[in-house]
Amino acid sequence: MSKDPPVYKKLRNKVNRLNDSLRSSFFANKVKNCDNVASWWKSIKQLGGLPKKLPVSSVFVSGKEFHSTELATKINESFLYITNPLPPLNSQLENLEADPAVVNEIISKYHISPEDVFTKLSNHKRTKASGLDNLPSWVLNKFAMELSSPVAEIFNASIQERVVPVSWKEADVIPIRKTDKVKEIENDLRPISLTPILPKTLEHFVAEWIMSQIRHLVDRKQFGSLAGLSTTHALLSFFHHLYGTTDQSDQCVRVLLLDFSKAFDKIDHHTCLSRRWRKWPSIPFLSHG
């Protein structure tokens with residue numbers, strides 16, 4: 001074989017091609033039966049040998065190691081510390097609202113039908129995690145037809161009375177690792193809140209109504225938190241501006257990137273609620289109730 005290099009190269013290339021083909025077939029067979037994104041990613045992580053992120057069992061805080069109940073208390077205190085400086089909502093906001101008669105007239109124009117609820121519930125993912133009410137998503141999905149009428153009644157009552165049940169505001173908060181080794185709670189953990197599915201369904205309706213009236217006020221270059229837009233659109237817009245500018249002679253681009261720490265958590269809801277009527281007087285859905 002060593003005396004016949006052309007034959008050796010031919011056989012070597014044949015083995016390499018066969019090896020690549022077998023490898024591709026192996027990976028394809030591993031993921032071909034994955035019927036959803038979650039199972040696909042699970043298989044990819046297993047094939048890639050990515051380690052599983054274990055639950056946080058202990059953390060050092062100021063040189064002291066915390067476990068179990070003490071650790072849960074420390075994590076809870078750390079997450080709450082972000083919003084502690086903000087005053088809680090109170091009934092004094094009533095003085096900032098518009099004429100109740102006008103509000104009631106506007107609210108009467110918004111009604112959720114059982115058919116709309118059925119559409120939302122039937123589109124829920126059956127594997128979606130439930131909140132503290134322990135109402136599984138698959139139950140809402142499977143019995144969407146039977147539940148659509150009573151759920152619609154509850155939704156409409158909540159809108160008419162402008163009150164959200166307390167149980168719908170409660171969430172199961174799970175700390176998720178940002179890094180493999182958790183050294184600081186504030187920087188290495190992020191909270192994931194599992195809220196009940198029904199209030200999130202109601203939020204979808206209200207969000208659609210609000211966006212229908214304020215969409216024209218949103219900056220056309222905003223891509224976050226908007227349906228149909230993503231970071232891909234943001235990057236395309238950025239590079240379009242970048243290349244368009246640098247194509248011109250004697251032009252340069254300076255980029256300033258800002259990252260607001262806990263931006264959404266630090267929004268003062270008093271400010272939002274007190275200003276909403278001046279900009280959006282026909283949106284009565286935001287309330288302290």
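Val 255 has a relative accessibility of 45% in this predicted model, and it therefore counts as partly exposed, a class that lies between the buried limit of under 20% and the exposed limit of over 50%. The residue is placed in the loop that runs between α10 (231-246) and α11 (269-279). On the surface, Val 255 belongs to a nonpolar patch together with Leu 235, Phe 238, Phe 239, Tyr 243 and Leu 257. The accessible area of these residues together is about 610 Å².

The chain as a whole contains 11 helices and 4 strands. Its accessible surface comes to about 21500 Å², and carbon and sulfur atoms account for 57% of this area. Of the 289 residues in the chain, 23% are buried. Among contacts with a separation of 6 or more, 62% are formed by residues 24 or more positions apart.

In the interior, the largest nonpolar core consists of 20 residues. The residues with the most contacts inside this core are Ile 112, Val 117, Phe 155, Leu 198, Leu 202 and Trp 209. At least two residues of the core are supplied by each of the helices α5 (114-122), α7 (144-161) and α9 (197-214). Helix α9 provides the largest share, with 8 residues. A second core, separate from this one, has 9 residues, including Val 59, Phe 66, Leu 71 and Leu 189.

Helix α7 also holds Asn 156. The relative accessibility of Asn 156 is 10%, and the residue is classed as buried because this value falls under the 20% cut-off. When residues up to four places away in sequence are not counted, Asn 156 touches His 111 and Ile 112. Of these contact partners, Ile 112 is also one of the residues with the most contacts inside the largest nonpolar core.

The geometry of helix α2 was examined through its length. This helix comprises the 12 residues 37-48. The expected span is obtained from 1.5 Å times one less than the number of residues, so a span of 16 Å should result for α2. The C-alpha atoms at the ends of α2 are 16 Å apart, which agrees with the expected value. Just after this helix, Gly 49 adopts a positive phi of about 70 degrees.

Key:
Residues numbered from 1 in each chain as written. Predicted model: local features only at pLDDT ≥ 70, side-chain atom pairs only at ≥ 80, totals over all residues. Heavy atoms only, no water. Patch = residues over 30% accessible without salt bridge, like charges linked within 9 Å, V, L, I, M, F, W, Y side chains within 5 Å. Areas by Shrake-Rupley, 256 points an atom, 1.4 Å probe, with all protein chains shown as cover. Salt bridge = Lys/Arg side-chain N within 4 Å of Asp/Glu carboxyl O. Buried < 20%, exposed > 50% of the residue type's maximum accessible area, 1.4 Å probe, protein only. Core = buried A, V, L, I, M, F, W, Y, C linked by side-chain atoms within 4.5 Å. Contact = heavy atoms within 4.5 Å.
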